Amino acid sequence: MGLTCQSCGKALLNDKFNIKLGNHEAFVIALAGNPNVGKSTVFNALTGLKQHTGNWPGKTVTNARGHYTHKDKEFMLVDLPGTYSLLANSVEEQVARDFICFGKPNATVVVVDATCLERNLNLVLQVMELTDHVVLCVNLMDEARRKGISVDLDTLQKSLGIPVVGTTARSGEGLTNLMDEVHDISLGLKITSPKNINYSKDIEEEIKGLVPKLENIFGNTLNPRWVALRLLEGDQTLLDSIHQFLYTEIYSNKDTEVACFYE
Ligand SMILES: Nc1nc2c(ncn2[C@@H]2O[C@H](COP(=O)(O)OP(=O)(O)OP(=O)(O)O)[C@@H](O)[C@H]2O)c(=O)[nH]1
Ligand SMILES: [Mg+2]
């Protein structure tokens, strides 16, 4: 038995993230990335002046939302705080993690800096572990060209197993391609297959043991492999967020199983 839609999807966006979908048909798109890679520039270029800002509920971190229309479909873009990881070491990381994990956006765009890909890809791999619905936006392509750096977008796409788009958000270059990819992922017209990171044999064994138990508790609501990894790390913040976002349903349906993870 999984969770009901009372506690997930659009009702949860409204209740827990204070995000109201004006048009109930709008697709929700999260914009993630390291600090200073051009997320807000992408956000502003796509949404123009049609944006709302506030704080994430209970947090001092800014929450910006805006709409755009592409191919007759409406998209709500949510600009997440800049983070280097999703390991919830800071309020910003926790907000970004919780939104991707529990807000269930239709797609997550990870914006990276084309001039320092290596540092940025850490976050990309973490988002890919959490969700299949990812598009990689390699921004600052003009800066990369200026520095003589060439980025092989095709190879990157094949290696990661997700759509990759090169952009110069400041001038608008590549943004139509980005909207095309987001459209296709959100409507299920393109299925991605993000490459899994394989961990050492003992960790993989532990994951194998935990996944069926987690599937039994969470159904399709949370990615069981990702939750298993967090449990193995002893990430208390995820348990707190599960408690905060999914508490009622899980406790009414599955109290014994979840309780054991809290002990
Ligand atoms: N040359 C160039 N500069 C860009 C591009 N995109 C953004 N910038 C500049 O990069 C700087 C940072 O852009 P932001 O959009 O604020 O970056 P951000 O990721 O939202 O930053 P945080 O919210 O602080 O994490 C700004 O000065 C932008 O004008 C681009 O494609 N090319
Ligand atoms: Mg910003």
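In β5, A107 is the bridge partner of I29, and this pairing is a convenient place to enter the predicted model. The two strands involved, β1 (residues 27-33) and β5 (residues 107-113), run parallel and are joined by five bridges. A little further along, A30 stands opposite T108 in β5. On the protein as a whole, the model shows 10 helices and seven strands, and 39% of the 263 residues count as buried. Among contacts between residues at least 6 apart in sequence, 68% join residues at least 24 apart.

Strand β1 deserves a closer look. Seven of its seven residues are buried, so β1 is largely enclosed by the rest of the structure. F27, I29, L31 and G33 point one way from the strand, V28, A30 and A32 point the other way, and every one of them is buried. Besides its pairing with β5, strand β1 is joined by five bridges to β4 (residues 73-79), again in parallel. Within that pairing, V28 of β1 has M76 of β4 as its bridge partner.

Strand β5 tells a similar story on its own account. Seven of the seven residues of β5 are buried, so this strand too is largely enclosed by the rest of the structure. Both of its faces are covered, with A107, V109, V111 and D113 buried on one side and T108, V110 and V112 buried on the other. Strand β5 also runs parallel to β6, to which six bridges join it. One of the residue pairs here is V111 with its bridge partner C137 in β6.

Where do the buried residues of helix α2 pack? They lie against β1, β3, β4, β5, β6 and α7 (175-186). The buried residues of α2 include K39, V42, F43 and L46. Seen down the helix axis, the buried residues of α2 fall within an arc of 100°, so they line one face of the helix. Just past the end of α2 comes G48, with a positive phi near 60°.

Helix α2 also takes part in the surroundings of ligand 1. Which residues come nearest to this ligand? Of the 16 residues around ligand 1, these are G38, K39, S40, T41 and G82. Helices α2 (39-47) and α5 (141-146) each supply at least two residues of the shell, and α2 gives the most, with three residues. By character, the shell divides into four nonpolar, eight polar and four charged residues. K39 therefore appears in two settings, as one of the buried residues of α2 and as one of the residues that come nearest to ligand 1.

Helix α3 offers a neat check on geometry. At 1.5 Å a residue, the 12 residues of α3 (residues 91-102) should span 16 Å, and its end C-alpha atoms are indeed 16 Å apart, which agrees. The helix is mostly covered, with 10 of its 12 residues buried. These buried residues are E93, Q94, V95, A96, R97, D98, F99, I100, C101 and F102. Just after α3, K104 takes a positive phi of about 50°.

Positive phi values turn up in loops as well. K71, in the loop between β3 (62-70) and β4, has a phi near 50°, a positive value in a residue other than glycine. Is K71 buried or exposed? With 10 C-beta neighbours inside 10 Å, it counts as exposed. L140 sits in the loop between β6 (134-139) and α5, and its phi is near 60°, also positive in a residue other than glycine. L140, however, counts as buried because it has 26 C-beta neighbours inside 10 Å.

A last stop is N198, in the loop between α7 and α8 (201-218). N198 is exposed, with 8 other C-beta atoms within 10 Å. N198 and R146 are 52 residues apart in sequence, and their C-alpha atoms lie 36 Å apart in space.

Technical notes. Residues are numbered from 1 along each chain as its sequence is written. Chains are lettered from A and ligands numbered from 1 in the order in which they are written. This is a predicted model: local features need pLDDT of at least 70, side-chain atom pairs count only at pLDDT 80 or more; totals for chains, interfaces and linings use all residues. Helices (H or I, at least four residues) and strands (E, at least two) are DSSP runs, numbered from the N terminus. The expected span of a helix is 1.5 Å times one less than its number of residues. A residue is buried if 20 or more other C-beta atoms lie within 10 Å of its own, exposed if 12 or fewer, and partly exposed in between; C-beta atoms are placed from the backbone. A residue is near a molecule or strand if its C-beta atom, placed from the backbone, lies within 6 Å of it. Ala, Val, Leu, Ile, Met, Phe, Trp, Tyr, Cys and Pro count as nonpolar, Asp, Glu, Lys and Arg as charged, and the others, Gly among them, as polar. Two strands pair if DSSP finds at least two bridges between them. Two residues are in contact if their C-beta atoms, placed from the backbone, lie within 7 Å. The arc is that of the directions from the helix axis to the C-beta atoms.
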